[in-house]
Amino acid sequence: MKLVTQPTVKTLGDYAYEAIQKHFKKTLKWEKSVKKDEDPEALHQMRVGMRRLRTAVTQFGLAVDVSKPVSDKNIGKIARCLGNLRDLDVLKQSLENNYKPKLPRKEQESLQTAFTALAKQREDVLLSVQKTLKDESYKSLKDLLDKWLEKPSYQALASFSIQQVLPDLLLPEVSNFLLHPGWLVGIQFVDSEVKIKKNWKPEKIEKQLTIEGEILHSLRKEAKRVRYQMELFSDLYGESYAAYLAEVKSIQEILGTMQDSAVLSDWLADVFKSEIQTELPTLATLLTENRYQSWQQWQPLQERYLKAETRHSFHLTILHPLSGVSSV
């Protein structure tokens, strides 16, 4: 006779514990290297670990019972400090690898002023990171998480099976993402129907980004938030979910490229105390082209996610996690 076995039912509490433990350990793994400023990759990994830990603590806040210092606000403060340093490293890598080799010699020489300013700025931000990682608030956060992982405490909702509550956890996040005003940048409504203007010239895109670039940047942050939350539950869904997750990641990256280019332009203008077209005309043109290409990638995704069928399908996907029941 064939035995039928039910797999152990995993609860919301189980998932909360695993996620918090995983991302806390990842954060700690890179801490020593970050303090010594040994490797830009260590900083990147610690920042990602801290951001994902923040997502886990926030996402599972209704299931876990943790001390007040283990909060979205406190973890976010540390993540932002790490992020400030990481942003400078990304800026330097972008200048050195993506742009400098394409510039004429005169502009390459002018860039040295920017690299000198960047190095000085980085020294100051590094000191801030090292101070943050020595502060009592950071030590307290680590200590409290260690104690919680050793002896976890939960709220009543933690006893639900994960499949039972998963749609209720994710749907509000997906709704916030889909209702973000960033989707409406550059579109018109005609009789309540969305009309997307296409074949934009670079000058028009630049003007639009000057006016509404911050709204797109906000959508990028929302996409990243949804991506991190969805990634917590990748193993509980199938191919459709994986496809939406990949698109959310793509949206985040395209809008990120657009934003990084704008930030670089503003930072260089601040360093040279003038519009960069004056000091670095070739680089200014490259940055404009970069934003133009990103816009071409963004518009098809924007159009797709403004369609009712895409949005409904996304919601339906979230509503149907895998059952988790199997037989042997």
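Me: In which helix is the place of Thr-317?

Reply: Helices and strands are DSSP runs, a helix (H or I) having at least four residues and a strand (E) at least two, and they are numbered from the N terminus. Thr-317 has its place in helix H11, which spans residues 308-319. Residues are numbered from 1 along each chain as its sequence is written. The model is a predicted one, in which local features need pLDDT of at least 70 and side-chain atom pairs count only at pLDDT 80 or more, while totals for chains, interfaces and linings use all residues; side-chain values use heavy atoms, with hydrogens and water left out.

Me: Is Thr-317 buried or exposed, and which residues does Thr-317 touch?

Reply: Buried means under 20% relative accessible area, exposed means over 50%, and partly exposed lies in between, with a 1.4 Å probe and protein chains only. Thr-317 has a relative accessible area of 12%, and therefore counts as buried. A contact means heavy atoms within 4.5 Å. Leaving aside residues up to four places away in sequence, Thr-317 touches Tyr-237, Ser-240, Tyr-241 and Tyr-244.

Me: How should the packing of H8 and H10 be read?

Reply: Two packed helices are described by the angle between their axes and by the distance between those axes. The axes are lines fitted to C-alpha atoms, for helices over the stretch in contact, and angles between N-to-C directions run from 0 to 180 degrees. Helix H8 (residues 239-272) and helix H10 (residues 281-305) pack at about 155°, and their axes are 10 Å apart. H8 is therefore roughly antiparallel to H10; angles under 35 degrees count as roughly parallel, over 145 as roughly antiparallel, 65 to 115 as roughly perpendicular and the rest as oblique. The residues of this contact divide into 14 nonpolar, 7 polar and 3 charged. Here Ala, Val, Leu, Ile, Met, Phe, Trp, Tyr, Cys and Pro count as nonpolar, Asp, Glu, Lys and Arg as charged, and the others, Gly among them, as polar.

Me: At what angle do H7 and H10 pack?

Reply: The angle is about 65°, with the axes 11 Å apart. H7 is therefore roughly perpendicular to H10. Among the residues of H7 that meet H10 are Leu-209, Leu-216 and Leu-219, and the H10 side includes Tyr-292, Trp-295 and Trp-298. This contact divides into 8 nonpolar, 3 polar and 2 charged residues.

Me: Is Leu-219 buried or exposed?

Reply: Leu-219, found in helix H7 (residues 202-231), is buried, with a relative accessible area of 0%. Not counting residues up to four places away in sequence, Leu-219 touches Phe-177, His-180, Gly-182, Trp-183, Leu-255 and Trp-298. The C-alpha atoms of Leu-219 and Ile-251 are 8.9 Å apart, although 32 residues separate them along the chain.

Me: Which residues that are not glycine have a positive phi of about 55°?

Reply: Most residues other than glycine have a negative phi. Asp-37 has a positive phi of about 55°, and Lys-273 also has a positive phi of about 55°. Asp-37 is in the loop between helix H1 (12-36) and helix H2 (40-59) and is partly exposed, at 30% relative accessible area. Lys-273 lies in the loop between H8 and helix H9 (276-279) and is exposed, at 69%.
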